[in-house]
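The exercises below ask the reader to examine a model, and each is followed by a solution that goes step by step. Please look through the sequence and the structure before starting.

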Amino acid sequence: MMRTTLDKTTSSNRGHKKRLKHIIPGCRTLTHSYNLLMRSSILDYRRARWPIDWHEAFGRHALLLVEIGFGDGEFLLDLARSRPACNVLGLEISAPSLRKAERKIERMALRNVRLVDATGQEALWALCSPGELDQVYINFPDPWPKAAHEHRRLINDRLLQLLASRMPTGGRLDIASDHAGYVTWIADCLARSPYFESRNGVPYVDRDPRRIQTKYEAKAVAAGRSCAYFKWERNARALANNFDVPEETHMPHVVIRGNLALEQLQAAFTQFECSRDTLHVRFMDLYLSRQHPAAVVEVYLAEEPMEQRLLLGLRRRKSGEWMLYVSDVGFPRASPGVHFAVQCLQRWLFAVGDGLEIVHHNLPSSEL
Ligand SMILES: C[S@@+](CC[C@H](N)C(=O)[O-])C[C@H]1O[C@@H](n2cnc3c(N)ncnc32)[C@H](O)[C@@H]1O
C-alpha cells in the first residue's frame, strides 16, 4: 500500500518520494512536489500565472460568478449546482474551509466550480482581468465590530473600486450582512461609490427568500437578528484607477566583492524598515548558517495587493564573491517590491561592510 505520510527513514517512502518527482514533471524539490500534490484542485494564487485565463481554466466560455469568503461552501456549491451554464469561482483564506469545499465538490462531481486560496483583494487584483466578473457575492463578511478594527473590514471604498474594475457594466454585486453597524457602513460605501447603482431602488432589502441560507445567515436568523441584502450593479462610469494586474519580472540578485564578516553583520543587525510609495519592507532578523559561509535575512514585504514573507540569502561563492539572492522558500513572486527589498539589503550591507563593490546585478539600474 502506498504510504501517504512523509517518513524520512523508510525505504518504501524513499520510493514514494521518487515516484512523486516523476508524477510532477519539472518540479524542483520534494517539498515542491508535495506542495503541488497536496493542494491539487485548490489554486494558490501566489503560484498561479497572473492573470488567469478563466475561460481556459474552466475549459469553456461562460458567465463568471464569484463568491468571496464562502465559508462552509454551501452557497457556492448551490450556485454551481443551480447555474450549470455558469463558471463559479470561490475565494477563501481559511484552509479548513477550502479543504471542506474541495471534498464536497469532488463528492458532488461538480465541474463548473474552482477554488482559490487567496484574499478577495489578492485574487481580484492579480488573477482577474478587467470586466470579467459577471456577478459577485459577499455573504456575511466578518463584521469586525470594534471601532479599532474597522480598517480590517473587507468592504470599503477601495474594494468597491477594485470590484468595479473587474466587473462589466451591468455586472451584479450582492452583499448580505446581519451586523447593524456593518450594514450602515456598507450602505454608506455603496452610496458613496460612483460605480454602483442599486438594482431595486433601495440600499438593501431585509428578505431574499430565493437564495439558500448560508451558515452565518442561519445563525443570525436563529438568534433573531435581521439581515440586510444589498442588490447593486456596476454602472457604465469609467474608473479613475484600473488596478492593473501586478507586474512580475525576474528574481533579482547582486554579486558583491569584498570582505564581509558574517558575525559582524549579525552583531550589527537590528530590525529596520524601508518604504517607497505604497511599498513597505521590514527586515526582521538575520540568521547565520552553522555549516557554510552563508546567512539569510527574514523579510516581511507589504505591496498591494499582497504580502510576502521572504528569505533573502547571502552566500559566499567558490570565487570568494558574495551572492545576494532571493531564496525560493515560500514560492516568492518576483515583484517590484522584491527588487526593492534586495536593493535595500544591499545598501545596508554596504553601510555595514568595508570596501565592498558590486560585480554584477540584475536590478533595474535606477535601483542601485
Ligand atoms: C463570517 S464568515 C461567513 C462565511 C459564509 N459566507 C457564510 O455566510 O456562512 C466570513 C468568511 O470570510 C472569509 N474571509 C475573511 N476575509 C476574507 C478575505 N479578505 N478574502 C476572502 N475570504 C475572507 C473567512 O475565512 C470566513 O470564511
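**Exercise 1. Determine whether Ser165 is buried or exposed, and list the contacts of its side chain.**

Ser165 counts as buried because its relative accessibility is 7%, where buried means under 20% relative accessible area, exposed over 50% and partly exposed in between, with a 1.4 Å probe and protein chains only. This model is predicted, so local features need pLDDT of at least 70 and side-chain atom pairs count only at pLDDT 80 or more, whereas totals for chains, interfaces and linings use all residues. Residues are numbered from 1 along each chain as its sequence is written, and side-chain values use heavy atoms, with hydrogens and water left out.

The next step is to place the residue: Ser165 belongs to helix α7, residues 157-166, helices being DSSP runs of H or I with at least four residues and strands runs of E with at least two, numbered from the N terminus. From there, the side chain of Ser165 reaches the backbone oxygen of Leu162 at 2.6 Å, and it also makes a polar contact of 3.0 Å with the side chain of Arg166. A polar contact is a pair of N or O atoms within 3.5 Å; within protein, one must be able to donate a hydrogen and the other to accept it, and residues adjacent in sequence count only if both atoms are side-chain atoms. An α-helix has 3.6 residues a turn, so residues three or four places apart point the same way.

**Exercise 2. Describe the surroundings of the ligand, beginning with its shell of residues.**

The ligand is surrounded by 20 residues, the closest being Gly69, Glu92, Gly120, Asn139 and Thr214; a residue is near if one of its heavy atoms lies within 4 Å. By type, the shell divides into eight nonpolar, eight polar and four charged residues, where Ala, Val, Leu, Ile, Met, Phe, Trp, Tyr, Cys and Pro count as nonpolar, Asp, Glu, Lys and Arg as charged, and the others, Gly among them, as polar.

Turning to individual atoms, an N or O atom in the side chain of Glu92 is 2.4 Å from an oxygen atom of the ligand. For Tyr216, a backbone N or O atom lies 3.0 Å from a ligand oxygen, and for Lys215 the corresponding distance from a backbone N or O atom is 3.4 Å. Two or more residues of the shell come from each of β2 (64-68), β3 (87-92), α6 (120-127) and α9 (215-222).

**Exercise 3. Explain why α6 is described as largely enclosed.**

Seven of the eight residues of α6 are buried, so the helix is largely enclosed by the rest of the structure. The buried residues are Gly120, Glu122, Ala123, Leu124, Trp125, Ala126 and Leu127.

**Exercise 4. Which backbone values stand out at Phe243, Asp277, Pro51 and Pro305?**

Phe243, in the loop between β8 (228-234) and β9 (253-259), has a positive phi near 45° although it is a residue other than glycine; at 1% relative accessibility it counts as buried. Asp277, in the loop between β10 (272-276) and β11 (279-288), likewise has a positive phi, of about 50°, but it counts as exposed at 72% relative accessibility.

For the two prolines, the peptide bond is the point to inspect. The bond from Trp50 to Pro51 is cis, with omega near -15°, and Pro51 is found in the loop between β1 (42-44) and α3 (54-58). Glu304 and Pro305 are also joined by a cis peptide bond, with omega about 5°, and Pro305 is placed in the loop between β12 (294-303) and β13 (306-316).
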